[in-house]
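Biologist: I'd love a close look at one part of this model. Could you choose a region and walk me through how its pieces fit together?

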Amino acid sequence: MRERHVYDAPIKAYSYNGKRCYYRYKDEDFSIFKNELSSEELTNLRSTLEMSGRYRGIPNYAWLEEVVSNLEYRFGVRPNSENVVSFEQNEKLKGLEYLSDIIDATVNHQSLEIRYVTFKGKEILSVVHPYHVKQFNNRWFLFGLEEGENDVYISNKALDRIRKISTSDKEFIKNTFIDFLLFLMI
């Protein structure tokens with residue numbers, strides 16, 4: 001924090017008991033939170049807001065609308081009105097209504113009970129410990145540890161085949177099997 005090019009914090013060391021010292025701001029009214037964002041930070045924030053803005057108006061993303069609006073207000077940043085990036089988004093895709101709940105369960109390490117229809121039309125009810133959510137070819141997939149009738153195994157579930165989800169009482173089993181960052185490179 002003493003590096004002026006990062007925080008510009010006026011920090012002073014005050015000696016006591018010989019070699020010991022403590023640190024305080026020279027100016028008691030100083031706060032790093034009162035500092036302006038650098039131009040690079042503003043550019044990065046603006047880019048993030050632009051990319052996040054593509055989810056505005058989509059059901060289950062009302063929370064994102066609030067976050068983006070608060071950031072725009074707090075930092076006085078508005079996304080660039082020039083559209084320079086496009087993302088493929090199918091708002092009519094089945095299963096999107098489960099996406100925010102699945103992400104919440106993944107982040108909060110909560111096992112899920114999922115009613116799922118296979119490619120062949122068989123309906124299955126299973127407990128899944130969600131580890132990773134990925135969009136691929138305009139479809140969303142959930143990867144996790146699934147508890148089958150006689151075994152546990154890593155599975156992937158296409159969100160458009162999910163019929164119902166609910167939280168499970170089963171204790172969450174943490175991921176010690178797969179480093180999903182390795183698969184993001186592929």
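Modeller: Happily; here is a tour of the open sheet and its surroundings.

This is a predicted model, in which local features need pLDDT of at least 70 and side-chain atom pairs count only at pLDDT 80 or more, while totals for chains, interfaces and linings use all residues. Residues are numbered from 1 along each chain as its sequence is written, and side-chain values use heavy atoms, leaving out hydrogens and water.

Let's begin with the layout. Five strands (DSSP runs of E, at least two residues, numbered from the N terminus) form an open sheet with antiparallel pairing, in the order β6-β5-β4-β3-β7. Pairing here requires that DSSP finds at least two bridges between two strands. At the edges are β6 and β7 (162-167), each of which pairs on one side only. From one strand to the next, the twist averages 40°.

Towards the β7 edge, β3 (residues 112-117) and β7 run antiparallel and are joined by five bridges. Across this pair, Ile114 stands opposite Ile165 in β7.

A helix (a DSSP run of H or I, at least four residues) comes next. Helix α3 (residues 96-107) lies across β3, β4 (123-136), β5 (139-147) and β7, and runs at about 85° to β4. For that angle, axes are lines fitted to C-alpha atoms, for helices over the stretch in contact, and angles run from 0 to 180 degrees between N-to-C directions.

Now for a residue within β4: His129. It counts as buried because its relative accessible area is 0%; buried means under 20%, exposed over 50%, and partly exposed in between (1.4 Å probe, protein chains only). Leaving aside neighbours within four places in sequence, His129 is in contact (heavy atoms within 4.5 Å) with Ser111, Gly144, Leu145, Glu147, Glu171, Phe172 and Ile173. Of these contacts, Glu171 is 42 residues from His129 along the chain, with 8.9 Å between their C-alpha atoms.

Ile173 also leads us to the surface. Together with Ile154 and Phe177, Ile173 makes a nonpolar surface patch of about 240 Å². Patch members have over 30% relative accessible area and no salt bridge; like charges are joined within 9 Å, nonpolar side chains (Val, Leu, Ile, Met, Phe, Trp, Tyr) within 5 Å. A salt bridge is a Lys or Arg side-chain nitrogen within 4 Å of an Asp or Glu carboxyl oxygen, and areas come from the Shrake-Rupley method with a 1.4 Å probe, with only the protein chains shown counting as cover for residues. Ile154 belongs to strand β6 (residues 152-158), and counts as partly exposed because its relative accessibility is 33%.
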